[in-house]
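Me: I should like to learn how the features of a structural model are read. Please take me through one case.

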Amino acid sequence: MKYLTPGPIQLPDFVLKAAYRQPAFHRSDEFKQTLKSVLDKMSKVYGGTPVVMPGTGTLAVDTMVYNYVNPGERVLAIIFGEFGKRLAASLKSRGAEVIEWEVEAPPAPDEVDDRLRRAGPVAAVVLVHNETSMGIAYKDLAKVIDVVKSHGALLLVDSVSGMPAEPLPPGIDVVATASHKAFMAPPGAAILFLNAEPRAKAGVPPAMDLRGYLKVPSTLDTPYTPPIPVIYSLEASLEYILGLGLARYAEIHKERMDVLYGGVKLRPVPKPEHRSNTVAAFYCNDVKLALKALRDAGYVASAGMGHLKDKVIRIGVMGDVSKDDLTKVAEVLNNVARE
Ligand SMILES: Cc1ncc(COP(=O)(O)O)c(C=O)c1O
């Protein structure tokens, strides 16, 4: 079986083998060298202080919310899918006053500017960079960063299924992501990039308190036990990704998407200009049948989410996936599925 899922993804052998060893004691010099190597590599992926902590994508997002938003603060949430709704739910659990702006597709920078003018002062704007439930990526973020800054707000971004295969412009205050999607490692590490000081006044559980992580790149002393096997795998996958170069890594994913969107005759969920590099989504009349046909051909794909559960099929192209795999997937779907 090959996993063409939105994550966890099909991992190459060299990444799996890297994790298959006795975890070192995390206070040992041996482990600190590995941690340094991973954090140095992370710094080549995005600016700011990199944080690698135990957890998954949800934990990374909740950690971002709890460290950068205080109860009672107003926050604008731009929502165009299920993970945007979850981000808003996280903010509500923090006690923030959330302005939920539901849109069909990522709004243009001038629309964000206009919405912020109407909203009045907000502490932060939050959004999902790569909306996994819809196969939609926010491509126009560079100008959105400037707009949000011009309103004096922080920009907090969930890029759990985007980074580093879906390009992310520099200058975002906080990015939350995870190990098991485009970072091409097993689940178990929540990853953040901090370009602003954590600003929570209280109410952050110790395991989620980012202040404990700020000095890790220099001291290599993690506050608690880190996800050691995942860090071994991340060292191998980052070596590979950076060896290719970030631009080429993103381009490879885009090429895979072109095979899929060029071959599958079902109606795509995203408009061409919003297509994610990592997850494709198509409307499908019989999702169960399509998933079974793919399974019979050796591929695991995924149904839609929320109200699209029985209407959409999603295919991830991250990890050990070839263009031949995707040509085969298109053939199978074209034989069994209708829009
Ligand atoms: C955009 C996005 N945010 C958050 C999450 C939650 O991540 P996890 O399931 O690893 O907790 C996911 C998972 O698919 C995601 O795609």
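The dialogue below goes through helices, strands, domains and a single residue in turn.

Me: What should be known about the model before it is read?

Reply: This is a predicted model, in which local features need pLDDT of at least 70 and side-chain atom pairs count only at pLDDT 80 or more, while totals for chains, interfaces and linings use all residues. Residues are numbered from 1 along each chain as its sequence is written.

Me: How far apart are the end C-alpha atoms of helix H3, and what span should its 12 residues have?

Reply: Helices (H or I, at least four residues) and strands (E, at least two) are DSSP runs, numbered from the N terminus. The expected span of a helix is 1.5 Å times one less than its number of residues. For H3 (residues 57-68) this should give 16 Å, and the end C-alpha atoms are 17 Å apart, which agrees.

Me: How many residues of H3 are buried, and what covers them?

Reply: A residue is buried if 20 or more other C-beta atoms lie within 10 Å of its own, exposed if 12 or fewer, and partly exposed in between, with C-beta atoms placed from the backbone. In H3, 10 of the 12 residues are buried, among them Asp62, Met64 and Tyr66. The cover includes helix H4 (82-93), strand S2 (49-55) and strand S5 (124-128); here, contact requires C-beta atoms, placed from the backbone, within 7 Å.

Me: Which element gives the most to the shell around the ligand?

Reply: A residue is near the ligand if its C-beta atom, placed from the backbone, lies within 6 Å of it. H3 gives the most to this shell, with three residues. Of the 14 residues around the ligand, Thr56, Gly57, Thr58, Thr132 and Val160 come nearest.

Me: Which way do the residues of S5 point, and with which strand does S5 pair over five bridges?

Reply: In a regular strand the side chains alternate between the two faces of the sheet. In S5, Ala124, Val126 and Val128 point one way, Val125 and Leu127 point the other way, and all are buried. Two strands pair if DSSP finds at least two bridges between them. S5 pairs with S8 in the parallel sense over five bridges, and Val126 stands opposite Leu156 in S8. Strand S3 (residues 74-79) is also parallel to S5, over four bridges, with Ala124 as the bridge partner of Val75.

Me: How is the chain divided into domains, and how many residues of each are in contact?

Reply: Domain bounds come from an automatic or database domain assignment. Here they give domain 1 (2-7 + 244-336) and domain 2 (14-230), whose C-alpha centres lie 25 Å apart. Across the boundary, 24 residues of domain 1 are in contact with 22 residues of domain 2. On the side of domain 1 that touches domain 2, helix H9 (246-263) and strand S11 (279-283) each supply at least two residues; H9 gives the most, with four.

Me: Is Ile79 of strand S3 buried or exposed?

Reply: Ile79 counts as buried because it has 20 C-beta neighbours inside 10 Å. Leaving aside neighbours within four places in sequence, the contacts of Ile79 include Gly84, Ala88 and Trp101. Trp101 is 22 residues away along the chain, yet the C-alpha atoms of Ile79 and Trp101 are separated by 5.9 Å.

How values were computed: Contact = placed C-beta atoms within 7 Å.
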